[in-house]
Amino acid sequence: MRMRWISTLLAGVLATSAAVAAGPHAGERYVLISHAADSDVWWNTVKNAIKQAADDFGVAVDYRNPPNGDLADMARLVEQAAARNYDGVAFDIADFDVLSKPAMRVTAKRIPLITINSGTAEESRKLGAIMHIGQPEYAAGKEAGERAKAAGIKSFVCVNHYSTNAASFQRCKGFADALGVDARSSMIDSGVDPTVVASKVSAYLRNHPDTQAILALGPNSAEPSLQALQRMGRAGKVYFATFDLSSVIIDGIRKGYINFAIDQQPYLQGYMSIAALAIAHEHNTRDPAAVLATLKADPKFQARLKDYGLDPIYTKDGVSSGPAFVTKDNVDTVAKYAGQYR
């Protein structure tokens, strides 16, 4: 176990972007820490984003994650980030209680902190972060559920591939509340193994034949769920919504197997967190409005937004990266970059 952990740390040290030799940020190093297991391909877009932010701002960036998605390991990575004296730290609030103590070690050393993805703006403030960049998960789930309700859906199953993440349940609950049903009795704890996910979805639909809709929480659950429907001859016959994008999900939308995907624009979470940390460090500020004003005026950032068709929603103390909805009507607009920059 100890050797595996040491190997993980060495891999994290090697998986960095090279710093640009000259410029106002020369020699600076930042880190983004996620809760994601190595098998979670959704985070590839975030990895691509932080590489481009590193290039644009002339900094070095490490990406760290617990290989198996263990939150205790993630907490240790945050503690190590504080000990290594990075110029800035970004991480997602996969579990506030688990991560609050290590986060305080970061802010106690006056290291700029930004939270992304999971968690809320309120939790971010409690941790001492400059801002939160992510999608309000309950609101996104509810808006998705309202779309389904308008289509006549009254029952669903939520395929939750990461049940230990509180944000995952908020997605399910929002959808359930929009339909007026109980979230917990409409949810599968599927895990991430594709064979197991497909098996559990098939079994649920056989045991609950009146289920009208499936809500998947990302590619890890959407792709095997779609395979299960295809094997059962029910693809396109069950209302299907999913969070996030992949090439398989894009293809499913085009074929009419998936009604829509909820896009939280993960590129923004990766790029903007590193860019904002670099700006905060350069200007010695923790004022989110000042940081965002500088970022919005940056021509390289604006070029990235235009290239990938991204649309951040700025709030008084952070950024909402979603929800945006991808349907047959606009799927071709985002298809080119799905799984890479969208």
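Colleague: Before we look at anything, what do buried, exposed and partly exposed mean?

Modeller: Buried is under 20% relative accessible area, exposed is over 50%, and partly exposed is in between (1.4 Å probe, protein chains only). Keep in mind that this is a predicted model, where local features need pLDDT of at least 70, side-chain atom pairs count only at pLDDT 80 or more, and totals for chains, interfaces and linings use all residues. Residues are numbered from 1 along each chain as its sequence is written, and side-chain values use heavy atoms, with hydrogens and water left out.

Colleague: Okay, let's try a helix. Which residues of helix H10 are buried?

Modeller: First, the naming: helices (H or I, at least four residues) and strands (E, at least two) are DSSP runs, numbered from the N terminus. H10 spans residues 247-255, and its buried residues are Ile249, Ile250, Gly252 and Ile253. They cover an arc of only 160° around the axis, so they sit on the same side of H10. That arc is taken from the directions from the helix axis to the C-beta atoms.

Colleague: What do the buried residues of H10 pack against?

Modeller: Count a contact when heavy atoms are within 4.5 Å. The partners are helices H9 (219-231) and H14 (331-335), plus strands S9 (239-243), S10 (260-263) and S13 (324-326). And just after H10, look for Gly256, which has a positive phi of about 85°.

Colleague: Now salt bridges. How many does the structure hold?

Modeller: The general idea is that side chains of opposite charge can pair when their charged atoms come close. Here we ask for a side-chain nitrogen of Lys or Arg within 4 Å of a carboxyl oxygen of Asp or Glu. By that rule there are twelve.

Colleague: Which parts does the pair Arg304 and Asp56 tie together?

Modeller: The closest N and O atoms of Arg304 and Asp56 are 2.9 Å apart. Arg304 lies in helix H13 (residues 299-308) and Asp56 in helix H2 (residues 44-57), so the bridge links parts that are 248 residues apart in sequence. Both Arg304 and Asp56 are buried.

Colleague: And in H10, how far apart are Lys255 and Asp251?

Modeller: In general, an α-helix has 3.6 residues a turn, so residues three or four places apart point the same way. Lys255 and Asp251 are four residues apart, about one turn of the helix, and their closest N and O atoms are 3.1 Å apart. Lys255, at 49% relative accessibility, is partly exposed, and Asp251 is partly exposed at 34%. Elsewhere, salt bridges with shared partners join Arg29, Asp62 and Arg64 into one network.
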